[in-house]
Amino acid sequence: MAEARLPQRVDAAKLVEVNQRFTADIDSKELSRLSDAVESCDAPVSCDIEFDRDEERNRILTGSCKTQVVMICQRCLGPVTIPVESDFQLGLVFDDEQAKQLPRRLEPVELDEDARLDLWETLEDEVLLALPSFPTHPESECQIKQPTPETTATDDSDVKRPNPFDVLAQLKQK
């Protein structure tokens, strides 16, 4: 198991054959698409991944990644810290034809012609997919100001209001 810095580009086919596992962090400031999608992300993206083959001999990348991001609450428009976690199992393929042959449980990720994979980009994709569409504070913590119903001095249920259809009733009687 490697405890070093997570490499950005890897020879995925070779790592599958040796059943390589990585546990490492990626500095979130290095992930520009993630930075653009959130207000801020100061926490590193912690990853635990493994290159392997499944029971059907497909090349797979299995793992998880987690971080914390700050997004805008869609209720009160204030900043909210959101924990983001993603567990994934990806099928490593060389072309669209191989992707079509994968079982439905595996999301295909295409390797380049040298069997290399941009690992950071792939993990960034997984974090982006795990972001909430509508981030909000828990209701008890949200700072939104709910309007309070106004009460009048008289109770409206006791007041007799004219019925707009009384005119029709009078016409019907004639």
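This text walks through the salt bridges, a buried glutamate, the cysteines and a surface patch of a predicted model.

The charged side chains come first. Side chains of opposite charge can pair when their charged atoms come close. The structure contains 11 salt bridges. One of them links arginine 105 to aspartate 54, with 2.9 Å between the closest N and O atoms. Arginine 105 sits in the loop between α3 (96–101) and β6 (107–110), while aspartate 54 sits in the loop between β3 and β4, so this pair ties together parts of the chain that are 51 residues apart in sequence. The two partners can be set side by side by their accessibility. Aspartate 54 has a relative accessible area of 7% and is therefore buried, whereas arginine 105, at 38%, is partly exposed.

Arginine 105 also forms a salt bridge with glutamate 55, at 3.0 Å from N to O. Glutamate 55 belongs to the loop between β3 and β4 and arginine 105 to the loop between α3 and β6, so here the parts tied together are 50 residues apart in sequence. Glutamate 55 counts as exposed because its relative accessibility is 65%.

The next residue to look at is glutamate 56, in the loop between β3 (45–53) and β4 (59–72). Its relative accessibility of 46% makes glutamate 56 partly exposed. Within its own loop, the side chain of glutamate 56 makes a polar contact of 3.3 Å with the side chain of asparagine 58. Once neighbours within four places in sequence are left aside, glutamate 56 is in contact with Pro103 and Arg105. The C-alpha atom of glutamate 56 is also 9.4 Å from that of leucine 102, although 46 residues separate the two along the chain.

A further salt bridge joins glutamate 139 and arginine 75, with an N to O distance of 3.9 Å. Glutamate 139 is in the loop between α4 and α5 and arginine 75 is in the loop between β4 and β5 (79–93), so the pair ties together parts that lie 64 residues apart in sequence. Glutamate 139 is exposed at 68% relative accessibility, and arginine 75 is partly exposed at 30%. Returning to the earlier residues, salt bridges with shared partners connect Asp54, Glu55, Glu56 and Arg105 in one network.

Glutamate 124 is found in helix α4 (residues 119–130). With a relative accessibility of 6%, glutamate 124 is buried. What does its side chain reach at 2.9 Å? The side chain of glutamate 124 reaches the backbone nitrogen of arginine 33 at this distance. Apart from neighbours within four places in sequence, the residues in contact with glutamate 124 are Leu31, Ser32, Arg33 and Leu34.

The cysteines are a separate matter. A disulfide is a covalent bond between the sulfur atoms of two cysteines. The count of disulfides in this model is 0. Cysteine 73 shows why no bond is assigned to it: the closest cysteine sulfur, in cysteine 76, is 3.7 Å from its own sulfur, which is too far for a bond. The cut-off is 2.5 Å between the sulfur atoms. Cysteine 73 is buried, at 0% relative accessible area. Cysteine 41 is buried as well, at 6% relative accessibility.

The last feature is on the surface. Phe165, Val167, Leu168 and Leu171 make a nonpolar surface patch of about 430 Å². Of these residues, leucine 168 lies in helix α5, which covers residues 166–173.

How values were computed: Residues numbered from 1 in each chain as written. Predicted model: local features only at pLDDT ≥ 70, side-chain atom pairs only at ≥ 80, totals over all residues. Heavy atoms only, no water. Helix = DSSP H or I, 4+ residues; strand = E, 2+ residues; numbered from the N terminus. Buried < 20%, exposed > 50% of the residue type's maximum accessible area, 1.4 Å probe, protein only. Polar contact = N/O pair within 3.5 Å; in protein donor to acceptor, adjacent residues only side chain to side chain. Contact = heavy atoms within 4.5 Å. Patch = residues over 30% accessible without salt bridge, like charges linked within 9 Å, V, L, I, M, F, W, Y side chains within 5 Å. Areas by Shrake-Rupley, 256 points an atom, 1.4 Å probe, with all protein chains shown as cover. Salt bridge = Lys/Arg side-chain N within 4 Å of Asp/Glu carboxyl O.
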